[in-house]
Structure formats: C-alpha cells, structure tokens
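Student: I am new to this structure. Could you take me through how its features get their names?

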Amino acid sequence: MTDVTSSKSARRPHHWRHDLIELAALFTAVVVADTIAKTIAKGPDGPYLLVFSAIALVATAAFHTWWSRRSHASHAPPAGHTGGHSTAAVPAKTGEEREETGEEREETGAAAPAETSLWRMRTTVADTPGSLAALCTVLARLGVDILTLQTHPLADGTVDEFLLRAPAGLSAHALARETAAAGGRDTWTERADAHDLVDTPTRVLGLATRTALDAAELPLALRQLLGRCTLHSVPALSLTGRPTGEHAPVEGVLEETVMRLRDPNGGTLIVERPYLPFTPTEFARARALVELDARLGPRVPRSQDVLTLPEGNEITVRRADQRDLSAARAMHDRCSARTLGLRYHGPVGDADRYLDHLLSPRFGRTLAVQTASGRLVALGHLLWDGDETEVALMVEDDWQRRGIGSELLGRLVAMAEEAGCASVYAVTQSSNTGMVAAMRALNLPLDYQIEEGTLVITARLASAPRPDARPQPRESRQEQPHEGVRRAER
C-alpha cells in the first residue's frame with residue numbers, strides 16, 4: 001500500500017498559492033517570536049509573561065480543535081445515508097479521484113456482474129388476491145428480474161405472460177418447477193432475445209404499420225404477434241371451381257389451439273399453435289390486424305429499380321400482385337413447354353391457372369421484371385410454405401441467360417432474410433442448370449436432396465431465426481407436391 005499511496009500523492013497537482021501562504025506564515029511567526037523574545041529578555045517580569053503566553057497558546061489551540069469538530073458534526077450528513085436530496089451536498093469527484101477509485105476497485109478484486117439469460121414464460125394462476133404476489137416472491141427468491149408482464153383474463157383464472165431476466169444457471173425445468181410450487185399451472189417457457197424487450201403496444205403498432213404498407217406482411221405479422229405458429233390460407237374455391245368447405249364467419253372462430261379468421265381476399269386464414277392454446281386477448285389482436293388489412297384493400301409497395309443488362313437493355317424490377325395477372329398470363333403464352341415444365345415440374349398445359357394464387361400476397365411476395373415497353377418477361381416468387389420459405393423463378397425464353405434469374409433470386413433471398421427466415425429452398429429438376437448455378441452464386445451454405453429426379457436445394461441464411469419463426473422439420477418432398485400444385489389442390 002505504501003507504493004500505491006506514494007504514486008497517488010505524486011499525481012496530485014501542485015498549488016503554488018499554498019506554498020506562498022506557508023512561507024508568509026513562517027516569516028510572520030519568526031518576526032513575532034523574535035519581538036516577544038526581546039521584550040521578555042529586557043522586561044522585569046519576563047519569566048511570568050513567558051508562562052502566561054504558553055498557557056494562552058494551549059487554550060487557543062484546544063478551543064480551535066473543539067470548534068472545528070463541532071462544526072463538522074453539525075454539517076455532515078447522517079451516517080449511511082446515500083439517497084434523497086442529501087447527495088447534492090456531496091461534492092462531485094474529480095477525474096483524479098475517480099481514477100483512484102477505479103484502482104482501488106481493481107485491488108479489492110470486485111466481482112464482475114453475473115451472466116443472465118432472457119426467458120419468456122407463460123403460466124395460469126388462480127384469479128384470487130395474492131396469487132400473483134406469491135409467484136413474484138418465488139421469482140425474486142430465484143434472482144429472477146421481471147422485465148414485462150401481460151395478463152390474459154380467462155373464465156377460470158388468469159394467464160400471466162412474463163419476460164424474465166434470470167441467472168444463466170437457472171434451467172427451464174427448475175423455473176417451471178418453482179412456478180408450479182407457487183400455484184402456477186400449464187407453465188410454458190421459451191428462450192427470448194433482445195427483440196422481445198420491446199413492449200407489447202409498441203410491437204403491435206409496428207406490426208400494424210408493416211401490414212398497412214404491404215398486404216404480403218399480414219402472414220408474417222400474425223406469426224410474429226402470436227409466436228411460433230403455422231398459418232394456412234385456404235381459398236373459398238379451388239382452382240377447378242369446387243368449394244373447399246372453408247368459410248369463417250366475420251367475427252372469426254377460436255378453438256383453443258386453432259383460430260379461423262376470414263381472409264379479406266376470400267376464404268379462410270387458419271392459424272394453428274398446438275403447443276400453446278390461444279387466449280381471447282391474442283385472438284382479438286389477430287382479428288384486429290385482419291380487419292385492418294381488409295379495410296385497406298389490395299396494396300403493394302410501388303418502388304421499382306431500373307437496371308441495365310450487359311448488352312445495354314434496360315429492365316425494371318418491381319413488386320407484383322394479382323393486378324398483374326393479365327400480363328403474367330401473356331408471358332406464359334410466350335414461354336415454351338420446356339420452360340413451363342421446368343417451372344412447374346411436369347407437362348402442365350394450363351399452368352397459368354396457378355398464377356392467381358401465386359400472385360396473391362397471402363402466399364408470399366412476387367417480383368416482376370418488365371422491359372422498357374412494359375412487357376413482363378420474368379417472375380420471381382417468395383412463397384410462405386408453413387414454417388418454411390420457397391423461392392421459384394420463371395424467365396421468358398428470349399430473356400434467359402442474361403443474369404435476370406440471378407438478380408431476382410438475390411432480391412428474394414434478401415427479402416427472406418429481412419422477414420427473419422432461417423432458410424429458403426428451391427424445388428427444380430436436376431437438368432435445370434440455370435437454377436442450380438443461381439443458387440450456388442448466392443455464396444450461402446447449400447444442402448442438396450434428390451428424389452426421383454426432383455432436386456431440392458436449401459440455402460441456410462446468415463440471419464439467425466427468431467424464436468417466433470422457428471422452422472420445423474420438412475416432410476419428404478415425395479409426398480408433398482410443389483407449392484403451386486399444392487395450392488391448386490386446395
């Protein structure tokens with residue numbers, strides 16, 4: 001400690017005024033002492049004056065010490081008091097003092113903050129006074145900090161949804177066990193991340209804004225609002241004109257783990273979450289988003305990019321929807337049977353009947369490429385396939401081998417990353433070298449799966465999947481037809 005103290009003293013600034021005052025005091029003391037000494041030496045009562053002077057000096061010093069201690073005690077704050085307004089009377093530490101405090105903290109070996117993890121927890125408690133307090137007491141004993149709390153009233157209790165910051169060593173099993181001991185039932189826990197720190201009203205308003213700007217955002221908004229769930233859009237009529245039997249009432253239907261909402265485009269939106277029942281509050285929020293979409297009508301961002309091909313031709317890339325159906329059908333008529341076969345994986349003569357569904361924002365997003373004259377020459381689809389995402393391309397014969405497919409694929413993958421998708425897959429034929437080359441040009445990790453001449457290429461995206469958009473294992477493609485065919489069968 002001696003070395004540290006000396007180093008601290010060496011760093012303190014030198015004040016020349018203090019030295020000048022000390023020299024002046026010393027000079028004055030010498031003069032006064034010399035004068036007194038001469039007076040005592042020449043006077044008759046010199047010894048008596050010397051004794052009286054010593055007594056007066058001691059009494060003055062004692063009085064000064066007593067007065068200094070009394071003044072300090074009357075102005076000092078109460079011992080141990082650090083809060084309230086008394087902190088204003090404490091002088092702020094200088095930079096030197098703060099630096100010394102940091103060194104002292106290093107010497108004492110102060111422990112670093114403990115590691116924590118974020119959890120989302122939902123549990124049902126009795127709707128009685130003190131039930132929530134008992135649960136909060138248990139969480140506090142475990143060292144768990146409650147960041148947000150939502151309550152969902154039910155007929156036989158209350159569902160409490162927490163966002164928790166817990167010690168890293170606390171497991172989900174231990175958390176659920178202690179919650180059950182405090183009276184919670186049907187407890188569900190899941191890891192959370194920084195995205196969940198946004199409060200619920202702010203998150204809902206953000207999802208509503210995205211839905212208002214783009215009709216294709218509704219399926220994604222519902223999945224982010226309700227957590228990890230599966231959404232299906234079932235039209236009222238199949239592509240062959242037969243009724244599908246799906247027709248939800250205007251107010252919707254809630255059946256524990258399934259909710260049915262009327263699709264503004266016609267048909268029914270079916271949302272399923274088998275691992276956790278929906279609450280009436282969640283159902284009301286989902287219905288409000290669907291009603292907003294219905295009131296705004298068809299809409300798609302009309303931004304467009306003009307690109308120049310290597311040979312000098314200009315093309316425009318923009319979003320497309322069902323209003324581009326006529327132009328898309330005309331492009332189909334100009335395409336060869338081979339091009340249609342590569343796109344739809346077989347000799348499909350009436351492939352244009354799928355276009356109305358593929359261009360619907362309920363099934364994903366579509367990019368269109370048109371020439372300077374306004375003719376549509378290419379389509380790229382990003383299709384929501386349950387918990388997964390499919391990419392599909394078709395370029396008119398006369399415009400192939402010019403980089404249009406790669407341009408579309410890159411933009412579709414960027415959209416998938418923005419939507420929080422973990423991967424995208426393309427279903428094609430092994431002879432479709434153009435699609436294979438475009439997937440390889442993404443410079444992403446690829447997985448290949450070949451089944452009876454059908455090639456499935458899956459690209460794993462760089463963005464980490466959100467907890468509310470976690471992909472499930474894909475079934476065998478031998479038993480699951482291509483997106484366009486599967487939608488047609490519905």
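**Strands and sheet**

Tutor: Start with one pair: V234 stands opposite T268 in β8. This is a predicted model, where local features need pLDDT of at least 70, side-chain atom pairs count only at pLDDT 80 or more, and totals for chains, interfaces and linings use all residues. Residues are numbered from 1 along each chain as its sequence is written, and side-chain values use heavy atoms, with hydrogens and water left out.

Student: How do you know that β5 and β8 pair?

Tutor: Two strands pair if DSSP finds at least two bridges between them. β5 and β8 (residues 268–272) have five bridges, in the antiparallel sense. They therefore count as paired.

Student: What makes β5 and β6 edge strands?

Tutor: β5 (230–234) and β6 (253–255) each pair on one side only. The open sheet has four strands, in the order β5-β8-β7-β6.

Student: Which strands does α9 touch?

Tutor: Helix α9 (residues 280–296) touches β6, β7 and β8. Contact means heavy atoms within 4.5 Å.

**Pocket lining**

Student: Which element gives the largest share of the lining of the largest pocket?

Tutor: β13 does, with six residues. The pocket's volume is about 570 Å³. V395, Q400, N432, G434 and M435 are the closest to its centre, out of 29 lining residues. Lining residues have an atom within 4 Å of a point of the pocket.

Student: How many charged residues line the second largest pocket?

Tutor: Its lining has 10 charged residues, with six nonpolar and four polar. Asp, Glu, Lys and Arg count as charged.

Terms used. 1 Å grid on protein atoms, 1.4 Å probe; cavity = no way out; pocket = protein on both sides within 12 Å on 5 of 7 lines; lining within 4 Å. Points joined across faces, edges and corners; volume = space filled by probe spheres on them. Helix = DSSP H or I, 4+ residues; strand = E, 2+ residues; numbered from the N terminus. Axes fitted to C-alpha atoms, helices over the stretch in contact; angles between N-to-C directions.
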